[in-house]
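Welcome to this short tour. Open your viewer, turn on the cartoon display, and keep the selection box at hand.

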Amino acid sequence: MLDFGTVHGLTPGQREAVGGGLNALAAPDATALVLAFTPGRRGPLPRGMDRADIEQAYPGWCIDEEIPQAGELPWFLRRLNADPRWYRLSRRAVGAGP
């Protein structure tokens with residue numbers, strides 16, 4: 001699954017629905033890649049998500065990696081301190097705990 005900056009703009013309820021849908025559709029050995037701005041108020045732009053928000057939105061998944069977006073950002077993202085990050089998630093084994 002690839003989320004190129006969509007879930008971080010949704011409401012908490014919508015994020016929960018996306019996570020539930022992913023759980024229903026993804027294979028047991030699936031990987032998810034999520035791009036999200038760090039949290040902050042940015043007018044019409046997405047509020048963003050932090051690690052805890054990602055974990056809450058995707059129950060049953062583990063964050064394996066958190067990587068800052070590489071390369072030069074457009075001027076408006078630099079000005080807004082969006083600090084986009086990639087999260088690589090994998091499914092937890094059944095009974096593996098939190």
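How many aromatic pairs does the structure hold? The count is 1, and we will use that pair as our starting point. Keep in mind as you look around that this is a predicted model.

**Stop 1: the aromatic pair**

Select F4 and W86 and show their side chains. Their rings form a tilted aromatic pair, with 5.8 Å from centre to centre and 40° between the planes. The pair links distant parts of the chain: F4 sits in strand 1 (residues 2–4) and W86 in strand 4, 82 residues apart.

Now switch on the surface. Is F4 buried or exposed? F4 counts as exposed, because its relative accessibility is 59% and the cut-off for exposed is over 50%. W86 has a relative accessible area of 22%, so it is partly exposed; a residue would have to be under 20% to count as buried.

**Stop 2: strand 4 and its partners**

Stay with W86 and select the whole of strand 4, residues 85–91. Which strand pairs with strand 4 over 6 bridges? That is strand 2, residues 31–36, and the pairing is antiparallel. To find a spot along this pairing, select L35, which stands opposite W86.

Next, add strand 3, residues 61–68, to your selection. Strand 3 and strand 4 also run antiparallel, joined by 7 bridges. Here you can pick out E66, which stands opposite Y87 in strand 4.

While the side chains are on display, here is a pattern to look for. In a regular strand, side chains alternate between the two faces of the sheet.

**Stop 3: the whole chain**

Zoom out and colour by secondary structure. The protein has 3 helices and 4 strands. Trace them from the N terminus and you will read the order β-α-β-α-β-α-β. The radius of gyration is 14 Å, close to the 13 Å that the globule rule gives for 98 residues, so the protein is as compact as a globular protein of that length. Rotate the C-alpha trace, too: along its principal axes it spans about 45 × 25 × 20 Å.

**Stop 4: inside and outside**

Bring the surface back for a last look. The accessible surface comes to about 6,000 Å², and carbon and sulfur atoms account for 57% of that area. Of the 98 residues, 31% are buried.

Finally, think about contacts along the chain. Among contacts with a separation of 6 or more, 70% are between residues 24 or more positions apart.

Note on methods
Residues are numbered from 1 along each chain as its sequence is written. This is a predicted model: local features need pLDDT of at least 70, side-chain atom pairs count only at pLDDT 80 or more; totals for chains, interfaces and linings use all residues. Side-chain values use heavy atoms; hydrogens and water are left out. Two strands pair if DSSP finds at least two bridges between them. Helices (H or I, at least four residues) and strands (E, at least two) are DSSP runs, numbered from the N terminus. Rings of Phe, Tyr and Trp (its six-membered ring) pair if their centres lie within 6.5 Å; planes under 30 degrees apart count as stacked, over 60 as edge-to-face and the rest as tilted. Buried means under 20% relative accessible area, exposed over 50%, partly exposed in between (1.4 Å probe, protein chains only). The radius of gyration is taken over C-alpha atoms; the globule rule is 2.2 Å times the number of residues to the power 0.38. Contact means heavy atoms within 4.5 Å. Accessible areas come from the Shrake-Rupley method with a 1.4 Å probe; for residues, only the protein chains shown count as cover.
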